[in-house]
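The following exercises concern aromatic and charged side-chain contacts. Please examine the sequence and the structure before working through the solutions.

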Amino acid sequence: MSVFKRIGNLFAKPEPPKAEKSMLSLMPGDICEVSLVTYEVTGRVHNRGRNAVVLTLQDGNTIAYLHIEERETLQYALYSPLDGRLDNPSEVPTELELDDKVFFLEEEYEGFVLIHGKTPFTQGGQQHVWQYQSDDYGLVRIEWQNGRFMLYEGEKVLPGDVKVIRAN
């Protein structure tokens, strides 16, 4: 190695370390753990306006949906699909009763979403969301996009119970 090359290496800047992927930046093919269950991320719905993501997670035949939203802190909620039917977005109630539990409308919003991978909706676009909570902290989420409704039931997840295992 020449003297000039050695001197150049002394002053060369080291390569910056790779930034760790956060839960908000996971994409299909990545692996994460939620409440001690390891999932593969198979889909992602990103609402930039709210800095929120819904990840479609799969563990064998089980499919779950992790809602992640960055406010003052990262907030997580894990959902499973719920059988049900609604006909018209203008008829979504402010109170829902499921299995003798009453859920109250906590938040309603809409925004443009970007979709990657396998999700309940096949393409991005304008999405309308209703989020409900019961007195015992149970959650219900309703999504409407392109004339289709999806209903989910879930619960909040502590940030310490969520971690990235492998990110591509």
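**Burial and charge pairing**

E143 is buried, with a relative accessible area of 3%; buried denotes under 20% relative accessible area, exposed over 50%, and partly exposed in between (1.4 Å probe, protein chains only). The model is predicted, so local features need pLDDT of at least 70 and side-chain atom pairs count only at pLDDT 80 or more, while totals for chains, interfaces and linings use all residues. Residues are numbered from 1 along each chain as its sequence is written, and side-chain values use heavy atoms, with hydrogens and water left out.

**Exercise 1.** Identify the salt-bridge partner of E143 and state whether that partner is buried or exposed.

*Solution.* Step 1: apply the criterion, a side-chain nitrogen of Lys or Arg within 4 Å of a carboxyl oxygen of Asp or Glu. Step 2: R141 meets it, since its closest N and O atoms to those of E143 are 2.9 Å apart. Step 3: R141 is buried, with a relative accessible area of 3%.

**Exercise 2.** Contrast the burial of the salt bridge between D87 and R85 with that between R50 and E107.

*Solution.* Step 1: a search of the whole structure finds 7 salt bridges. Step 2: among them, D87 and R85 pair at 2.9 Å, N to O, and both residues are exposed. Step 3: R50 and E107 pair at 2.6 Å, N to O, and link distant parts of the chain: R50 lies in the loop between β2 (37-47) and β3 (52-59), and E107 in strand β7 (residues 101-117), 57 residues apart. Strands are DSSP runs (E, at least two residues), numbered from the N terminus. Step 4: both R50 and E107 are buried.

**Exercise 3.** Describe the further contacts of R50.

*Solution.* Step 1: R50, E69, R71 and E107 are linked in a network of salt bridges. Step 2: the charged end of R50 sits over the ring of Y109, 3.6 Å from its centre (NZ of Lys or CZ of Arg within 6 Å of the ring centre and within 35 degrees of the ring normal).

**Exercise 4.** Classify the ring pair of W130 and F149.

*Solution.* Step 1: the structure holds 4 aromatic pairs, that is, rings of Phe, Tyr and Trp (its six-membered ring) with centres within 6.5 Å; planes under 30 degrees apart count as stacked, over 60 as edge-to-face and the rest as tilted. Step 2: the centres of W130 and F149 are 6.3 Å apart and their planes stand at 35°, so this pair is tilted. Step 3: W130 belongs to strand β8 (residues 125-134) and F149 to strand β10 (residues 148-157). Step 4: both W130 and F149 are buried.

Conventions: Helices (H or I, at least four residues) and strands (E, at least two) are DSSP runs, numbered from the N terminus.
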